[in-house]
Amino acid sequence: MFDTLTAKLDGTFKKLRSRGKLHPKQVDNALDDMRTALLEADVALEVADAFLGRVRTRALSEEVMKSLTPAQQVIKVVRDELQATLGGEHVRFVVPSARRAVVMMAGVQGSGKTTACAKLAFRLKKDGRRPVLVAADLERPAAVEQLFTLGREIGVPVVSEGRDPVKVAKAALKEADRKGYDVVIVDTAGRLHVDEEMMRQARRIRDVVKPDHVLMACDAMTGQDAVIQARAFLAEVETTGFILTKLDGDARGGAALSITAVTGKPVFFAGVGEKPADLEEFHPDRMAGRILGMGDVLSLIDKATDTLDADEAKASAEKMLQGAFTLEDFLGQLRQMRQLGPIQDLLKMLPGMPGGKSAFKDLADQVDENKLRQAEALILSMTPDERRNPGIISGSRRLRIARGAGSTTSDVNTLLKDFEGARKMMRTMMGGGKGFPGMFTMPPKAARGPKR
Amino acid sequence: MEIFVAILFVCLAVGIVFVRLSSVRKEAERLRDEPEVEISAPTIEAPAPEPRERLGTRVRTLLSRGGTEAWEALHDLLLKADVGPSAAARLVERVRARWSREADAESLLREEMVEILGPDSRLSLPDEGLGVILVVGVNGSGKTTTIGKLARRLAGEGRTVSIAGADTFRAAAGEQLEVWAVRAGAHIVSQERGADPGSVVFDAVKSAVARGSDVLIVDTAGRLHTKTPLMDELQKIGRVARKAGASVTETLLVLDATTGQNGIAQAKAFTEAVNVSGIVLTKLDGTAKGGVVLAVREELGVPVRLVGTGEGPDDIQPFRAEIFANRILAS
């Protein structure tokens, strides 16, 4: 999702790295390149300039310039500052559990409020809470029906009684108390920050429901206007945090940097798809790493723990380290990985060298989903014996396998040759089971678990 | 071979992660059992908002003093309007090449922007037979609202309008469109949620032809331009319309004016998939200027046809390059 910014920063860093000693002029040139990259990623002008100013001061300090590896130090400074701009530490989204809590959703039209409300309710329900959704968007035609439909799909009740959003919200609180719902999520109409009357209405809803959180839904594709909107909503409804929506496209996500920087409020979640479960916690440190192409192995972990069986995954990794896996193992793995998401995306999450691009990015570009499907079909067309011991595959078996998969014997040959090649390559790389030095080492900070 | 290596690496990473994970999980459980703490967000001081002033005076003052500062100010102004760094640099270069002490930088910049945006164009609809307008765009850009307003406008010009509700994905999209159809006095064809959009369009074309409608506007589900299968679906809608005996005369891409440089990627992807003939720039009633359409016009040649300026039934106007340029200049 941050591909383009990553590519741009890559180029800049490569230029820096190729020099032993640094001249202040070179740092300035690099910063100029970086400014263009940040602006192309829709980082707000003021935020980009403030960020570059801080990087420049630190990069030109004696400590950095006189160090043995000045370029590396500059890159470290960039990473630190990027993370700080994204909000520093991850802030966990906490709603009080001792009493009935209220979350209010606000934002401009089309930012994804209604979808975000449903996703949040789904998440809270999964956490064992009893959420209720309130349809208080009485402006957009059929917005109430939309929320009712979404509520039915995720099994969360929806209420909307009355013709005035303030009254709807008030009535919903009473209903929640009567029926024992413990989190009330109020969806409000989209409103432009310049529409004074609508902003006053949002304020009135806020005053009535006294929310524990006011979340602003912000479209990840927003440009320079993001900071203007974020400031206006902060001033009027006292936003406590953001949900960054539509991050599953190719938006470069400058809005993420900008809104936190100008409001001091964290991004709690990112919307990454159209399904109710497609709401991820937002981690500034991971996102900073992602921008710089350091991979996002931590998000991969989150996905994996949600979907896969730990023991099975451990066992197959061990097999792999010993180079003892078969086509059958491969088929199993392929199917498991598919549950995690497109293989290309998974590869991009794996880390590369700090400041460099993910080591697996080129690989990701070469993976062709059609070829993957063909390989799967061919393996499925084999008998379990053939999968475990490809040596027994004779000419006639080849023909049968090819026919079963609707392809040719030469495809079967290529598959077997490639598989053997890959197996050999893995064995050489793993050095007979010692593992990749440092490749999957987690940063010590991250290993301490979720932050608050 | 790449695919094998790829899968193996991913499995390996996941496996190793799991091995290392037990300690992480214990810590996470410990944290979960701890009482909740108040959230204190990191505070980064927001810079004071800049005073609003007209570009003309500011740049003129700077220019009279001479130096590069003026051109940088001009460049930054364009950046704030989402014109984007490369298009902004090109624009400033063009103004700079023509500028002299006697010339007015503001007028030069306006002229250059109008020049890029090209002559104002109208929707092209056939004089006879059914004209089909396909409306596409990412989620939340304002497709349905645009269609409602457009239907009303075309009906007001004396045309009979039909609408096809081919957004069968989003909850209550059909109901939303129906409200607009009533407001516009248009005939609407839709099916239940989850139905095949192609079949909706087929029915809609048949029924529009049978009723003797002049225009059929097709609403489509919002889709991020990176999702290939959904983009393919749009092509299919065009094919189905042809099969049903009508051809798509206009394909309008609805672009949210608050969109930044991602607008270029959107326009590219949609243009590649369905040959976009024009852009509808929505939400221009806020503070966003929609400067990205300059880059879109330069790179892809797609003109802006209409602008959306609110949620009222009449808040849609033909695009005027001069007015658009003035909005950018007045910041």
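Chain B exposes about 14000 Å² in this predicted model, and carbon and sulfur atoms supply 50% of that area. Accessible areas are taken from the Shrake-Rupley method with a 1.4 Å probe; for residues, only the protein chains shown count as cover. For chain A the exposed area is about 18700 Å², of which carbon and sulfur atoms supply 51%.

The model is a predicted one, in which local features need pLDDT of at least 70, side-chain atom pairs count only at pLDDT 80 or more, and totals for chains, interfaces and linings use all residues. Residues are numbered from 1 along each chain as its sequence is written, chains are lettered from A and ligands numbered from 1 in the order in which they are written, and side-chain values use heavy atoms, with hydrogens and water left out.

**Chains**

Chain B contains 12 helices and 8 strands, and chain A contains 21 helices and 8 strands. Helices (H or I, at least four residues) and strands (E, at least two) are DSSP runs, numbered from the N terminus. Of the 331 residues in chain B, 53% are buried; of the 452 residues in chain A, 56% are buried. Buried means under 20% relative accessible area, exposed over 50%, and partly exposed in between, with a 1.4 Å probe and protein chains only.

A contact means heavy atoms within 4.5 Å. Among the contacts in chain B between residues at least 6 apart in sequence, 75% join residues at least 24 apart. With the same sequence limit of at least 6 in chain A, 73% of the contacts join residues at least 24 apart.

The average pLDDT of chain A is 82, and 82% of its residues score at least 70. The pLDDT is the predictor's confidence in each residue, from 0 to 100. In chain A, residues 352–358 have a pLDDT below 50, and this stretch has 25 contacts in the model beyond near neighbours in sequence. Residues 432–452 of chain A also have a pLDDT below 50, with 38 contacts beyond near neighbours in sequence.

**Thr258(B) and Thr282(B)**

Thr258(B) sits in the loop between β5 (248–256) and α10 (262–274) of chain B. Its relative accessible area is 7%, so Thr258(B) is buried. The side chains of Thr258(B) and Asp256(B) are joined by a polar contact of 2.7 Å. A polar contact is a pair of N or O atoms within 3.5 Å; within protein, one must be able to donate a hydrogen and the other to accept it, and residues adjacent in sequence count only if both atoms are side-chain atoms. Not counting residues up to four places away in sequence, Thr258(B) touches Met221(A), Thr222(A), Gly223(A), Asp225(A) and Gln229(A) in chain A, and Asp82(B) and Ala288(B) in chain B.

Thr282(B) belongs to strand β6 (residues 278–282) of chain B and is buried at 5% relative accessibility. Leaving aside neighbours within four places in sequence, the residues in contact with Thr282(B) include Ser141(B), Thr146(B), Asp256(B) and Gly308(B). Thr282(B) and Arg96(B) are 186 residues apart in sequence, and their C-alpha to C-alpha separation is 31 Å.

**Positive phi at two lysines**

Neither lysine in the table is a glycine, yet each has a positive phi: Lys246(A) and Lys283(B).

| Residue | Phi | Loop | Relative accessibility |
|---|---|---|---|
| Lys246(A) | about 60° | between β6 (241–245) and α11 (254–263) of chain A | 11%, buried |
| Lys283(B) | about 60° | between β6 and α11 (292–300) of chain B | 12%, buried |

**Aromatic rings**

Over all chains, the whole structure holds 5 aromatic pairs. Rings of Phe, Tyr and Trp (its six-membered ring) pair if their centres lie within 6.5 Å; planes under 30 degrees apart count as stacked, over 60 as edge-to-face and the rest as tilted. Trp71(B) and Trp99(B) form an edge-to-face pair, at 5.7 Å centre to centre with 85° between the planes. Trp71(B) lies in helix α3 (residues 68–80) and Trp99(B) in the loop between α4 (85–98) and α5 (105–117) of chain B, so the pair ties together parts that are 28 residues apart in sequence. Trp71(B) is buried at 7% relative accessibility, whereas Trp99(B) is partly exposed at 22%.

In chain A, Phe93(A), Phe268(A) and Phe269(A) form one aromatic cluster. In chain B, Arg183(B) lies over the face of Trp180(B), at 4.5 Å from the ring centre. A charge sits over a ring if NZ of Lys or CZ of Arg is within 6 Å of the ring centre and within 35 degrees of the ring normal.
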